[in-house]
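User: Please take a close look at one part of this protein: the place where its domains meet. I would like to know which residues and elements take part.

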Amino acid sequence: MRVLVIEDNRDLQANIARFLEPDFQLDFASTGPEGLALALGHPYDVIVLDVMLPGMSGLEVCERYRQVAPRLVPILMLTARDTLEDKEAGFQAGADDYLVKPFSLRELRWRLEALARRPVPPSGRKLTWGGLTLEPESGHTRWGGRSVRLNRTEALLLRWLMEAAPESVPAATLAERLWGDDAPESSALRTHVYALRKALAGLGLDDAITTLRNEGYRLDAR
């Protein structure tokens, strides 16, 4: 697995390198602009991105990368804050997962492995449901003349909901598809669904996803 770590703390860089380098191919960047250039210039499997960076914040790096990158490479964002607002900001910028500092290097490893195992969106395929259109490979989503680009996790969730519509998809099924046997706390899936809801609301679909108690989620974009 080839991983780009964009982190300006040299001690943390060294700790990550010692723990992961036997099994991972690692590249490091210490500033936002340097990290963005590497991310756009090389085919990484996962990108680890700190929020607080010199030259350009991690949120800005994530947003710019998502705007122009041809592939939906998963991004794991590192943050020293764990409020819902901070997590929401990361997901809105295009992150797929988050890890709060300080963190266990073992947890970093299994999160990277879980992100890398997520399905690759099919190339050249377009999904439609009730006027909503999704290009799974790029994450471009359109409805009513508006468009938004989803991150990889949001695109996968929307794809699975669209493929199942008008039936619902159990929450446990979505979590298993995203994380396998390494699912984090139950709130993680709800946070990703919340971010997807926000993205669809930006298109004018305020009630596109229905939560069914003790059952799961259903797409109602009609």
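Analyst: In this predicted model, the domain assignment gives domain 1 (2-117) and domain 2 (127-219). Their C-alpha centres lie 23 Å apart. The contact between them involves 21 residues of domain 1 and 21 residues of domain 2.

The size of an interface is often given as the accessible area lost when the parts come together. Here domain 1 and domain 2 bury about 1,700 Å² between them, and 48% of that is on carbon and sulfur atoms. Of the area that domain 1 buries against domain 2, 37% is supplied by Leu72, Phe91 and Asp96, more than by any other three residues.

Polar contacts and salt bridges are counted separately. Six residue pairs are in polar contact between domain 1 and domain 2, counting pairs with both residues at pLDDT 80 or more. The rule finds zero salt bridges across the interface.

On the side of domain 1 that touches domain 2, the elements giving two or more residues are H3, helix H4 (84-93), strand E5 (97-100) and helix H5 (105-117). H5 gives the largest share of that side, five residues.

H3 (58-68) also has a role in the packing of helix H2 (32-41): the buried residues of H2 pack against H3 and against strands E1 (2-6), E2 (25-29) and E3 (46-50). These buried residues are Gly32, Gly35, Leu36 and Ala39. They cover an arc of only 100° around the axis, which puts them on the same side of H2. Ala37 and Gly41, on the other side of H2, are exposed.

Technical notes. Residues numbered from 1 in each chain as written. Predicted model: local features only at pLDDT ≥ 70, side-chain atom pairs only at ≥ 80, totals over all residues. Heavy atoms only, no water. Buried < 20%, exposed > 50% of the residue type's maximum accessible area, 1.4 Å probe, protein only. Helix = DSSP H or I, 4+ residues; strand = E, 2+ residues; numbered from the N terminus. Arc of directions from axis to C-beta. Contact = heavy atoms within 4.5 Å. Domains from an automatic or database assignment. Buried area = accessible area lost by both parts, 1.4 Å probe. Salt bridge = Lys/Arg side-chain N within 4 Å of Asp/Glu carboxyl O. Polar contact = N/O pair within 3.5 Å; in protein donor to acceptor, adjacent residues only side chain to side chain.
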